[in-house]
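Reader: Please take a close look at one part of this model. I want the contact between the two domains of a single chain, and then how that chain meets its partner.

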Amino acid sequence: MHSLGIDALILFNAVLAVYFLAGIGGYGALMMSSWISVWLHKRRHSTETLQELRDSSVAPPVTIVMPAWNEQDVIVDAVRGALGVDYPGIQVCVVDDGSSDETLERLIAAFELAPVNLIARHRLRTRPVRALYVSSSFPQLLVLSKENGGKSDALNAGLNTVRTPYFCTLDADCILERDAIPRLMRRIVSDPVNVAASGGTVRVLNGCTVEEGQVAKVNLPRSALERFQVVEYLRSFLFGRTGWSRMGGTLIISGAFALFHRETVIEAGGLSSDTVTEDMELIVRLRRWASDHGRVLRTAFSSDPVCWVACPDNLRMLGRQRRRWQLGLCQTLWKNWKMFFDPAFGIFGWLSLPFHALVEALGAVVEAAGYLLIPFVAWLDPALLNFLLPLLLFSLAYSALLSVAALVLEELTYRRYGAMRGFLTLLPYALLENFGYRQLLLCYRVAGVVRFLTGFRRWEKVVHVSPAELAAD
Amino acid sequence: MMNVPYGWTHFAWALAVAFSALVVLLAGFPLVMRAVRFAVDRRSESLRAAIDWCIAGLLDGSLDYDTGLRSLREHPQCVGRAVLDRLGKATAGPDQEQFAKLRRLAIDLGMVDRWRRELARQFSQPMPRKLRVRHKLFERIPGLGFVMRAEAAENLGLLQNQASWPVLAKALDDPHPAVRSAAARALGRIKAPASFPALARKLEDAALGRGATLSVRTLRMALVGFDLAYTRAFAEMLQHPHWRVRFLAADVVTTMLSRIGDQPQPESLPRHILPDPVARLFLNSLSIDPNPDVRARAADVIVHLNDIRTMPALLALLDDSEWFVRLHAARALAECGVFPLEALGRRLTDAHWRVREAAAQAISARGPEGINFLLAHFHATDDRYSREQVVEQLERTGLIPSLLTAFDEPGAGEEPPFIGEMVRVGRAAVLRPAVPNAPEHDQDALVELQDRDQLKNRVPATPAAAAQVPVLAGGGELSSLGLEELRRA
């Protein structure tokens, strides 16, 4: 029995070693790739004016599609912010997804909406549309009220009414920077290959001052939980997504804020309700669809278009959010397992998908098992701790290195949180996040995996501090 | 017991210590950078102030040009940034007079020459040590050599230096896409007549997917800024055997025309807006091109041609076998404004909804005459989809309340067919929102249509709708059948 335990441990050691090497190698490559990418992007575009694109008659028209479900506190400011985006001919389509609060009523009152009886043409199947409203004061605004069907359904309903070649998905609790869409569009215009999806950076809104639907002053949030998330977002967007985008392996473009080519999305079947992370699933499906139909298209990520999103300010909501992300990741990877190691998908099939499956999805379980096994190993053979402890220290140092490198990159390039001030404030959180916060997230991630294994599919709404509250602060 | 191989523990400790030290070093890096930057800034602050003062003096004329130039030549690298900033790279552009002065300054300071050499990768000429080091650094690090070239191309474009077009045209074949893209944009800004064929050639390459490719949108953006007279260079492309080449050339001409159309113009566009050979190609050849995409673009162009053959060609395209050609033709006619209503009226019963929609929009854009045509069509047709389209168009133009108001005018003549017909064909729901303060789902609400006081308070949704109210057919009471239907609705 004792021998069997040792054999199992040795086997698990091998698994851990593979996970460890894949993680270290992958994140190291991402770090290097993103440093080059962000630095180059910043250098090439920091002084380039967007006016040329705005003035150009070849800038493709864009509609912002904003799904809203029970967003009465934020919806009016969110729509005002969307209408204020600096892009020629921007249109806004708000989809009220059967809200039970006053979301629709507040929109009607604020924008003097009048019902219209436009012909419904369902290229994508959705729950029934109840009514359409237009505004005499804002002709570029269309509001659609439909029965509740979830975010994907709401986006599909909006997509049925969109006439512009591109559409931008935007959550109602997000604040788009005025020049975010031209920045996203710059990538589409300049790329010789068709860009079907273009994403930007999401930053944490908590702590910022909001005025008239725009971020007036950028501040860091007060609580440690939110500050840990600021570091995490920086690491995720400046490192992970930029790095994968440079390598051609983008798996995730945040649906809170992303630009898509309408016809491509519709032809690929629109947004799916199969998974709880419809944005990730859409990106993977677009690639599969392009491969199946012999099309060449690209999904791009740029680090300078910014959308501000309120992050959870309590553990309950954070747990909901992270469980959903992990569940969605597992669902998406499982749904598209045939794409793994398929030569047709290149880097995406050979590197990105296996990395996300091994390190991001399964890694949660492996890491959790590792934490649990350390006391067991110590009990089994205290001498092994002499090896495991420095290894653990190395892993923590490597983790901290990634977070600190993200902060340094932010400090050397965008400095949204103020020169040095933001860096020095966030530095302790980057160093300390491996002592408690990381383990907390690990619990949520494992719970997400468990939910995937048990077939849980429900979308849990995350309620967090609203821009309206921030404005009041 | 498990044994860790000899040396692994030491290796693990070494890794842990090394990475911990790396974290500390990395955390200190911005602090060091900040300190260095602060020291450099402090040293160059006075120098920058002097340069700014000098440039400002040159621009407002308070400083003699030669004297100022001599002073600025002493610090070429700092001056470069200051001039670029002034040129409006970071802020709004300067006025024309200042722009001319800055352009001259950049040439006299040797900046333009340096950018050209950078773009052409000719570094043998003497240059300041700092710049030389930077060039070598960028050229030697794999994958970074393009940065200097792309920036040089952008700077030349920013300066709109006409003499630089040959080197920029050559850069359209640069190995790096960012340089090619920057060169194309720069040529679009400079608008040197001789560079148009070079850009057109790249468009052809992009269409055929040969050579160093460039984004079609970037090329379009560069080309559409040119004068329409240069489209003569497209003549060959418009007759190219490959449809994609013909399509992209036609598409650029369309965009150039729409760009001009968007600008404030005299009463109408000049008669010969396109060179004759190009206009002839569109009228005689492209409007009957075997490729529908090309025909669609041809419709967008020929509507701008002041020619006797324009209308017949457009009407022929309006009956094209492909729906999107008919759509473009309908939109073109709407833009034209003068067209036989009957011809577009036929498209109200088109098999494709987008054509029906475009036709309804074009007809309603004709004003009262068009609205009355739509109403008559609504009454006459049996086509359900066509009727829905008319109703939607009236909704979009905000005319439903106006129609109701007109309906309520006492003694205004014959019974208006429209309201009754709407009820008859099951479109009474459209009328419901027009009744103020009525509960949405109250089935009796429509009966209130007879209440004149309420109807009189209705305000047309748009000024355009208000202007059309008096000429609409109106007055009278609902027929008994209509009223009954209305009650049941």
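Author: Start with the domain contact. In this predicted model, 44 residues of domain 1 of chain A are in contact with 36 residues of domain 2 of chain A. Five helices of chain A each supply at least two residues to the domain 1 side: α1, α11 (346-380), α12, α13 and α14 (437-454). Of these, α11(A) gives the most, with 13 residues. By class, that side of domain 1 has 27 nonpolar, 11 polar and 6 charged residues.

Now the domains themselves. Domain 1 of chain A is built from two stretches, 2-38 and 345-456. Domain 2 of chain A covers 50-340. Taken over C-alpha atoms, the centres of the two domains are 29 Å apart.

Next, the partner chain. Here 43 residues of chain A are in contact with 50 residues of chain B. On the chain A side, the elements giving two or more residues are α1 (2-45), β3 (113-116), α6 (180-190), α12 (385-412) and α13 (421-432). The largest share comes from α12(A), with 15 residues. The chain A side divides into 27 nonpolar, 8 polar and 8 charged residues.

Put the two contacts side by side. Helices α1, α12 and α13 of chain A are listed for the side of domain 1 that touches domain 2. Helices α1, α12 and α13 of chain A are also listed for the side that touches chain B. The leading contributors are α11(A) on the domain 1 side of the domain contact and α12(A) on the chain A side of the chain contact.

Definitions and conventions:
Residues numbered from 1 in each chain as written. Chains lettered and ligands numbered in written order. Predicted model: local features only at pLDDT ≥ 70, side-chain atom pairs only at ≥ 80, totals over all residues. Contact = placed C-beta atoms within 7 Å. Helix = DSSP H or I, 4+ residues; strand = E, 2+ residues; numbered from the N terminus. Nonpolar A, V, L, I, M, F, W, Y, C, P; charged D, E, K, R; others polar. Domains from an automatic or database assignment.
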